Every structure is written in C-alpha cells, then in structure tokens.
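Biologist: Hello! I am new to this one and would love a guided tour. Could you show it to me, and may I ask questions as we go?

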Amino acid sequence: QPETIIENTTHPDYGKTVPDPYYRAAQVEFAMMLGDKPAEVVKVGPPPGEFAKAGMTWNGKPFLSDEFLIECPDGESTVKEYNTEKEWLKIFSQVALGFSTINRRNCLLIMFKRKRDITTFLY
C-alpha cells in the first residue's frame, strides 16, 4: 500500500506523510530480537566472477522488454491490449531479499498486543 499523504489543502500538515491508518488500527505488532550473528543477508548484485563467466544471471539485474499489456481508453472504460506494434518498452527487474539463519537461537520473532493509546494521533 502506498504512503498515506494528507491532501487537504487547509490542513497544517498538507502534503506530509502520516502513519498509515491500517497500521494505527492494528491490534498486534511484530518485532525481532537479534543476538550475535543470527543470520546472513542475501546480497543483491552480480554473482562472483566464476559464476558470471558461466552465464548466470544476477539478482536485481534490469532488462528491457516489449512484451506487456497497455491500458487503452475505450469510451468510458479502459481496455488492456498487448503491445503488438512493439512501440513501447519497459524495464523489469526481480530482486530476492531476505536472510539465511546461521544460529536460530539468536533470532527471536515476537508478536505482541499493542496498547491503544500509542496508536492515537490528532489529525
């Protein structure tokens, strides 16, 4: 979900980002307590040299494509059509993010009930 921005021009915080109302209304919250070296992070970028020579694609590599749908206005509705004329290009990329646990005992996921007074804002 995109950031929540105040769009009321008479509000003193007009144009500023505010906490998401769904987040403020949530009953529970998640936190992580991490100890010494609990995990390794998945790195984004090209692979090591020996793998790159073998033609391995890398994590986060952008590529151009002309195969996608285009939204075309059709009277009162919008129709999605394939890019048959190949006149438009898009840049796509896929990234794998995350971490691999090394020592599970040093990583603790905590779910707790939120206090209601913390999520109250005056807007």
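**A tour in questions and answers**

Modeller: Let me begin with a cysteine: Cys107 is buried, its relative accessible area being 19%. Please keep in mind that this is a predicted model.

Biologist: Is cysteine 72 buried, exposed or partly exposed?

Modeller: The cut-off for buried is under 20% relative accessible area, and exposed means over 50%. Cysteine 72 has a relative accessibility of 22%, so it falls in the class between those two limits. Cysteine 72 is therefore partly exposed.

Biologist: How many disulfides does the structure hold?

Modeller: A disulfide needs a pair of cysteine sulfur atoms within 2.5 Å. By that rule, the number of disulfides in the structure is zero.

Biologist: Thank you! Now the overall picture: how many helices and strands make up the secondary structure of the protein chain?

Modeller: Reading from the N terminus, the elements follow the order β-β-α-β-β-α-β-β-β-β-β-β. Each α there stands for a helix and each β for a strand, and the totals are two helices and ten strands.

Biologist: What share of the residues of the protein chain counts as buried?

Modeller: The protein chain exposes about 10900 Å², of which carbon and sulfur atoms supply 57%. A residue counts as buried under 20% relative accessible area. Among the 123 residues of the protein chain, the buried share is 11%.

Biologist: Which strand gives the most residues to the nonpolar patch on the surface?

Modeller: The patch is formed by Val28, Phe30, Met32, Leu34, Val41, Phe99, Leu109 and Met111, which together have about 850 Å² of accessible area. Two elements give two or more residues to it: strand 3 (28–34) and strand 10 (107–113). With four residues, the top contributor is strand 3.

Biologist: Is phenylalanine 30 buried or exposed?

Modeller: Phenylalanine 30 lies in strand 3 and is one of the residues of the nonpolar patch. Its relative accessible area is 53%, and the cut-off for exposed is over 50%. Phenylalanine 30 is therefore exposed.

Biologist: And phenylalanine 68, is that one buried or exposed?

Modeller: Phenylalanine 68 sits in the loop between strand 5 (63–65) and strand 6 (69–74). Beyond its neighbours within four places in sequence, its contacts include Tyr82, Asn83, Trp88 and Phe92. With a relative accessibility of 12%, it is under the 20% limit. Phenylalanine 68 is therefore buried.

Biologist: How many Å separate the C-alpha atoms of phenylalanine 68 and tryptophan 88?

Modeller: These two residues are 20 apart along the chain, and they are in contact. The separation of their C-alpha atoms is 9.0 Å.

Biologist: The side chain of asparagine 83 reaches the backbone oxygen of which residue?

Modeller: Asparagine 83 is in the loop between strand 7 and strand 8, and it is buried at 2% relative accessible area. Setting aside neighbours within four places in sequence, it is in contact with Asp66, Phe68, Ile70 and Trp88. At 2.9 Å, its side chain reaches the backbone oxygen of tryptophan 88.

Biologist: With which residue does arginine 114 form a salt bridge?

Modeller: Arginine 114 is in the segment after strand 10 and is buried, with 10% relative accessible area. The closest N and O atoms of its salt bridge are 3.2 Å apart, and the partner is glutamate 29. This pair links distant parts of the chain, 85 residues apart, from the segment after strand 10 to a residue in strand 3: glutamate 29.

Biologist: There are two salt bridges by count; which residue does aspartate 13 meet in a salt bridge?

Modeller: Aspartate 13 is partly exposed at 25% relative accessible area. Its partner is also partly exposed, at 48%. The N to O distance is 3.8 Å, and the partner is lysine 16.

Biologist: One last thing: what is the phi of lysine 37?

Modeller: Most residues other than glycine have a negative phi. Lysine 37 is in the loop between strand 3 and strand 4 (39–41), and it is exposed at 63% relative accessibility. Although it is not a glycine, its phi is positive, at about 45°.

Methods: Residues are numbered from 1 along each chain as its sequence is written. This is a predicted model: local features need pLDDT of at least 70, side-chain atom pairs count only at pLDDT 80 or more; totals for chains, interfaces and linings use all residues. Side-chain values use heavy atoms; hydrogens and water are left out. Patches are made of residues with over 30% relative accessible area and no salt bridge: like charges are joined within 9 Å, nonpolar side chains (Val, Leu, Ile, Met, Phe, Trp, Tyr) within 5 Å. Accessible areas come from the Shrake-Rupley method with a 1.4 Å probe; for residues, only the protein chains shown count as cover. A salt bridge is a side-chain nitrogen of Lys or Arg within 4 Å of a carboxyl oxygen of Asp or Glu. Buried means under 20% relative accessible area, exposed over 50%, partly exposed in between (1.4 Å probe, protein chains only). Contact means heavy atoms within 4.5 Å. A polar contact is a pair of N or O atoms within 3.5 Å; within protein, one must be able to donate a hydrogen and the other to accept it, and residues adjacent in sequence count only if both atoms are side-chain atoms.
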